Amino acid sequence: QVQLVESGGGLVQPGGSLRLSCSASRSIFSIYVMGWYRQAPGKQRELVAAITSGGRTNYADSVKGRFTISRDNAKNTVYLQMNSLKPDDTAVYYCNAHRPIDSTSAIDYWGQGTQVTVSS
């Protein structure tokens with residue numbers, strides 16, 4: 001019954017911008033940490049940005065100052081505004097919903113992914 005759906009990916013030139021959206025089930029949006037991960041070919045999946053239900057944010061060092069994560073609780077939607085895009089940002093971006101259970105376990109839900117390609 002939990003569903004995460006991403007949109008907004010595409011092809012953009014270096015220095016350009018994209019805005020990703022993730023629509024989440026209302027049953028989880030209010031209590032789960034929402035985040036964006038990305039995975040490029042030959043590289044490990046990495047956390048790009050996350051936001052708690054209270055609005056606290058965290059960013060990977062590689063995107064600080066360029067990307068902004070936000071959430072609209074009324075719309076059950078999380079956004080990732082990506083500015084000053086670089087070729088190294090090219091990856092499949094995945095929306096994630098995360099709820100810790102204890103210090104060693106958690107519940108995670110994932111979207112299907114959306115391709116972001118930065119190239120001239």
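**Exercise 1. Is A91 buried or exposed, judged by its relative accessibility?**

Solution. The model is a predicted one, and the values below are computed from it.

Step 1. Locate the residue: A91 belongs to strand β9.

Step 2. Take its relative accessibility, which is 3%. The limit for a buried residue is under 20% relative accessible area. A91 therefore counts as buried.

Step 3. List its contacts. Leaving aside residues up to four places away in sequence, A91 touches R38, Q39, A40, T114, Q115 and V116.

Step 4. Set A91 against Y32. These two residues are 59 apart along the chain, and their C-alpha atoms are separated by 24 Å.

**Exercise 2. Find which residues touch the most other members of the largest nonpolar core, and which elements supply the core.**

Solution. Step 1. Begin with the background: in soluble globular proteins, nonpolar side chains tend to be buried together.

Step 2. The largest nonpolar core here has 30 residues. M34, W36, V78, L80, M82 and Y93 touch the most other members.

Step 3. Elements that give two or more residues to this core include the helix α1 (26-29) and the strands β3 (18-24), β4 (33-39) and β5 (46-51). The others are β7 (67-72), β8 (77-82), β9 (91-100) and β11 (114-118).

**Exercise 3. Identify the disulfide and describe where its two cysteines lie.**

Solution. Step 1. A disulfide is a covalent bond between the sulfur atoms of two cysteines. The cut-off used is a pair of sulfur atoms within 2.5 Å, and by this rule the count is one.

Step 2. C22 and C95 are the partners, with 2.0 Å from S to S.

Step 3. Place them in the chain: C22 is in strand β3 and C95 is in strand β9, 73 residues apart, so that the link joins distant parts of the chain.

Step 4. Read the torsion. The angle about the S-S bond is -85°, and the link of C22 and C95 is left-handed.

Step 5. Check the surroundings: C22 and C95 are both buried.

**Exercise 4. Work out the strand order of the four-stranded open sheet and say which strands stand at its edges.**

Solution. Step 1. Strands of a sheet pair through backbone hydrogen bonds, either parallel or antiparallel.

Step 2. The order in this open sheet is β1-β3-β8-β7, and the pairing is antiparallel.

Step 3. β1 (4-7) and β7 each have a single partner strand, so they stand at the edges and one side of each lacks a neighbour in the sheet.

Step 4. On average, neighbouring strands of the sheet are turned by 15° against each other, direction ignored.

Step 5. Look at one pair in detail. Six bridges connect β7 and β8 in the antiparallel sense, and S70 stands opposite Y79 in β8.

**Exercise 5. Describe how β9 and β10 are connected and paired.**

Solution. Step 1. A hairpin of five residues joins β9 to β10.

Step 2. The two strands run antiparallel and are joined by five bridges.

Step 3. For one position, R99 stands opposite I107 in β10.

**Exercise 6. Classify the aromatic pairs of the structure.**

Solution. Step 1. A pair of aromatic rings is described by the distance of the centres and the angle of the planes. The search of the whole structure gives two pairs.

Step 2. Y32 and Y109 lie 5.8 Å apart centre to centre with 55° between the planes, and the pair is tilted. Y32 is in the loop between α1 and β4 and Y109 is in strand β10 (residues 106-110), so the pair ties together parts 77 residues apart in sequence.

Step 3. Compare accessibility within this pair: Y32 has 4% and counts as buried, whereas Y109 has 29% and is partly exposed.

Step 4. The ring centres of Y37 and W110 are 5.0 Å apart and the planes are at 65°, so this pair is edge-to-face. Y37 is in strand β4 and W110 in strand β10, 73 residues apart. W110 is partly exposed, at 33% relative accessible area.

**Exercise 7. State where N76 and S84 lie and what sign their phi has.**

Solution. Step 1. Most residues other than glycine have a negative phi, and most peptide bonds are trans.

Step 2. N76 has a positive phi, near 55°. N76 lies in the loop between β7 and β8, and at 18% relative accessible area N76 is buried.

Step 3. S84 also has a positive phi, near 50°. S84 lies in the loop between β8 and β9 and is partly exposed, at 41% relative accessibility.

Conventions
Residues numbered from 1 in each chain as written. Predicted model: local features only at pLDDT ≥ 70, side-chain atom pairs only at ≥ 80, totals over all residues. Heavy atoms only, no water. Core = buried A, V, L, I, M, F, W, Y, C linked by side-chain atoms within 4.5 Å. Buried < 20%, exposed > 50% of the residue type's maximum accessible area, 1.4 Å probe, protein only. Contact = heavy atoms within 4.5 Å. Pairing = 2+ DSSP bridges. Axes fitted to C-alpha atoms, helices over the stretch in contact; angles between N-to-C directions. Phe/Tyr/Trp six-rings, centres within 6.5 Å; stacked < 30°, edge-to-face > 60°.
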